[in-house]
Amino acid sequence: MDMIGCEAGGALLAISRVQATDAVQAAKLMAMLRQASLDQVGSVAVHPRPNSGDEKTSYDVQVDGSRSKGLPLQVRFKWLLAEADVYQMAVYAQRLSPELTDNLTNEARIYQAGVR
């Protein structure tokens, strides 16, 4: 897994990529990553975003959960599948706002080398 992240405006932003051996394995991997991510944040409510995709190739949700010490946590997750690569974008904060999440998750695009 490759991952990069930063803190800004009281939120943690993270982008990760996992490479599978092929597209079939990538779809299975995305489902497992999605479930593990939801479990990790103790999700109590999952709110699919409008036009979030089909859960197999693209999925965008906002989650109400809790931190390890029981403090409230909101997370915006977006998962994208591109051939054998799985991408996860996440924004973690006590309270999310569109200013924190929309640019990262709404404008996300995957560009492959040599393809436009």
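1. Two strands are said to pair if DSSP finds at least two bridges between them. In this predicted model, strands S2 and S6 meet that description, pairing in the antiparallel sense over eight bridges. Within this pairing, Ser16 has Gln88 of S6 as its bridge partner.

2. Strand S2 (residues 11-19) also runs antiparallel to strand S1 (residues 2-8), to which it is joined by seven bridges. Cys6 has Leu13 of S2 as its bridge partner. The two strands S1 and S2 form a hairpin with two residues between them, and in the turn Gly9 has a positive phi of about 60°.

3. Turning to the aromatic residues, the structure holds three aromatic pairs. One of them is formed by Tyr59 and Trp79, whose rings are stacked, with 6.3 Å centre to centre and 20° between the planes. This pair links distant parts of the chain, since Tyr59 lies in strand S4 (residues 58-66) and Trp79 in strand S5 (residues 72-82), 20 residues apart. Tyr59 counts as buried because its relative accessible area, 10%, is under 20%, and Trp79, with a relative accessible area of 0%, is likewise buried.

4. Which residue besides Tyr59 forms a stacked aromatic pair with Trp79? The partner is Phe77, and here the rings lie 5.0 Å centre to centre, with 20° between the planes. Phe77 is itself buried, having a relative accessible area of 0%. Taken together, ring pairs link Tyr59, Phe77, Trp79 and Tyr92 into a cluster.

5. Several of these aromatic residues reappear in the largest nonpolar core, which has 17 residues and in which Val41, Val63, Val75, Phe77, Trp79 and Tyr92 have the most contacts. Helix H1 (23-40), strands S4 and S5, and strand S6 (85-93) are the elements that give two or more residues to this core. Strand S5 supplies the largest share of the core, namely five residues.

6. Val41 deserves a separate look. Apart from its neighbours within four places in sequence, Val41 is in contact with Val63, Gly65, Ser66, Leu73, Val75, Phe77 and Tyr92. Among these partners, Val63, Val75, Phe77 and Tyr92 are listed with Val41 itself as residues that have the most contacts inside the largest core.

7. Finally, the model has a second, separate core of six residues, which includes Ala11, Val91, Ala93 and Leu100. Ala11 falls in strand S2 (residues 11-19), while Val91 and Ala93 fall in strand S6 (85-93), and S2 and S6 are the strands that pair over eight bridges.

Methods:
Residues numbered from 1 in each chain as written. Predicted model: local features only at pLDDT ≥ 70, side-chain atom pairs only at ≥ 80, totals over all residues. Heavy atoms only, no water. Phe/Tyr/Trp six-rings, centres within 6.5 Å; stacked < 30°, edge-to-face > 60°. Helix = DSSP H or I, 4+ residues; strand = E, 2+ residues; numbered from the N terminus. Buried < 20%, exposed > 50% of the residue type's maximum accessible area, 1.4 Å probe, protein only. Core = buried A, V, L, I, M, F, W, Y, C linked by side-chain atoms within 4.5 Å. Contact = heavy atoms within 4.5 Å.
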